[in-house]
Amino acid sequence: MEQIIQIEHLTKNFGKHRGIEDVSFSVEKGEIFGFLGPNGAGKTTTIRHLMGFIKSQTGQCRINGMDCWKESDKIQRSLGYIPGEINFFDDMTGEEFLRFVTKYRGLTSLERQKELLERFDLDTKGKIKKMSKGMKQKIGIITAFMHDPDILILDEPTSGLDPLMQNRFIELLAEEKKKGKTILLSSHMFEEVERTCDRIGIIREGKMVAVDSVENLRERHMHRYTVTLANEEEALAFAKDFDGKASGNMVTLASRQSLENIFMNYYGGENNDK
């Protein structure tokens, strides 16, 4: 498969054990890649390298074969981005801001923007500074998607959205994937990741601790149990009821963990949200 996003041995040290160290992973064309980790683990730092906002001390990252630091202007022509913390020109109305972005990107059609405004039920007439967190997030989503980019980098995109709008966003991601878009999704929402992502990467304290498909991670962290019954007949009945495998008077059962439980396995169940 063609690798659209490539991160190789990326390191950036901010001191006091903060930053990222030797981070490597790739995102293939048409894939949704989930990027998981608590606040302070290095997700946003990695994403800022991809956006060309900061330069690594060692390693490199590329999008469509172009260097993210040296060629960020070319990369961003086909890129949609939602930052983890969205900042706007607060004195503008939502309508004025979208008009500004439309002019900046040189868009000639507003059909996509109109469709997204309707999908997320957003009234853009009011001043941005008076909008709720959810309304601002919707503007961020519309800004990222309205030029129909081939690549999307989304840092906590559903932050502040209610469950209905979260579902609409997940539906939007599914549609974009069908179009062959390449998507890097950083999220705290495990259900969102499970429902949308082909593979996931887990980062802990600036280092990648897992990169694999959700299916493979579940298989790797599957719990297996053996139950001994009185006889073979009882074992067969028990296996049928609990989807187990009988052998003589013993039944082997497998318990699949949720993505959240798998994630916590890598964090030892501790509060690492620094």
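Arg119 has a relative accessibility of just 16%, and since buried means under 20%, it counts as buried. Keep in mind that this is a predicted model. Buried or not, the Arg119 side chain has a charged partner: it meets Glu175 in a salt bridge, 2.6 Å from N to O. That contact links distant parts of the chain, with Arg119 sitting in helix α4 and Glu175 in helix α6 (residues 163-178), 56 residues apart. Glu175, at 33% relative accessibility, counts as partly exposed.

Stay on helix α4 for a moment. Arg112 and Glu115 also form a salt bridge, and their closest N and O atoms are 3.0 Å apart. Here the partners both belong to α4 (residues 111-119) and are three residues apart, about one turn of the helix. Arg112 is buried, with a relative accessible area of 13%, while Glu115 is partly exposed at 34%.

Now look at Lys181 and Asp148, whose salt bridge brings the closest N and O atoms to 2.7 Å. Lys181 is in the loop between α6 and β8, and Asp148 is in the loop between α5 and β7, so this pair ties together parts that are 33 residues apart in sequence. Lys181 counts as buried at 4% relative accessibility, whereas Asp148 is partly exposed at 41%. And how do these pairs fit together? Salt bridges with shared partners join Arg112, Glu115, Arg119, Asp148, Glu175, Glu176, Lys179 and Lys181 into one network. Across the structure there are 13 salt bridges.

Moving on from Lys181, we reach strand β8 (residues 182-186). Five of its five residues are buried, so the strand is largely enclosed by the rest of the structure. Both faces are covered: Thr182, Leu184 and Ser186 are buried on one side, and Ile183 and Leu185 on the other. What does β8 pair with? Strand β3 (residues 32-36) pairs with β8 in the parallel sense over four bridges, and Ile32 has Ile183 as its bridge partner. Strand β7 (residues 151-155) also runs parallel to β8, pairing over five bridges; in this case Ile151 is partnered with Thr182.

Leu184 of β8 turns up again in the largest nonpolar core, which has 67 residues. Leu184 is among the members that touch the most others, along with Ile5, Phe25, Leu50, Phe145, Leu154 and Ile200. Helix α5 (residues 133-145) gives this core its largest share, five residues.

Phe145 is a good place to zoom in. Leaving aside residues up to four places away in sequence, Phe145 touches Ile82, Arg112, Leu116, Leu152, Leu154, Phe169, Leu172, Leu173 and Glu176. Two of these names, Arg112 and Glu176, also belong to the salt-bridge network, and Leu154 is another of the core members with the most contacts. There is also a second, separate core of five residues, including Ala235, Ala239, Val251 and Leu253.

Finally, swing out to the surface. Phe89, Phe100 and Tyr104 make a nonpolar patch of about 360 Å². Phe89 is in the loop between β6 (79-82) and α3 (94-105). With a relative accessible area of 45%, Phe89 is partly exposed.

Conventions: Residues are numbered from 1 along each chain as its sequence is written. This is a predicted model: local features need pLDDT of at least 70, side-chain atom pairs count only at pLDDT 80 or more; totals for chains, interfaces and linings use all residues. Side-chain values use heavy atoms; hydrogens and water are left out. A nonpolar core is a set of buried Ala, Val, Leu, Ile, Met, Phe, Trp, Tyr and Cys residues joined through side-chain atoms within 4.5 Å. Buried means under 20% relative accessible area, exposed over 50%, partly exposed in between (1.4 Å probe, protein chains only). Helices (H or I, at least four residues) and strands (E, at least two) are DSSP runs, numbered from the N terminus. Contact means heavy atoms within 4.5 Å. Patches are made of residues with over 30% relative accessible area and no salt bridge: like charges are joined within 9 Å, nonpolar side chains (Val, Leu, Ile, Met, Phe, Trp, Tyr) within 5 Å. Accessible areas come from the Shrake-Rupley method with a 1.4 Å probe; for residues, only the protein chains shown count as cover. A salt bridge is a side-chain nitrogen of Lys or Arg within 4 Å of a carboxyl oxygen of Asp or Glu. Two strands pair if DSSP finds at least two bridges between them.
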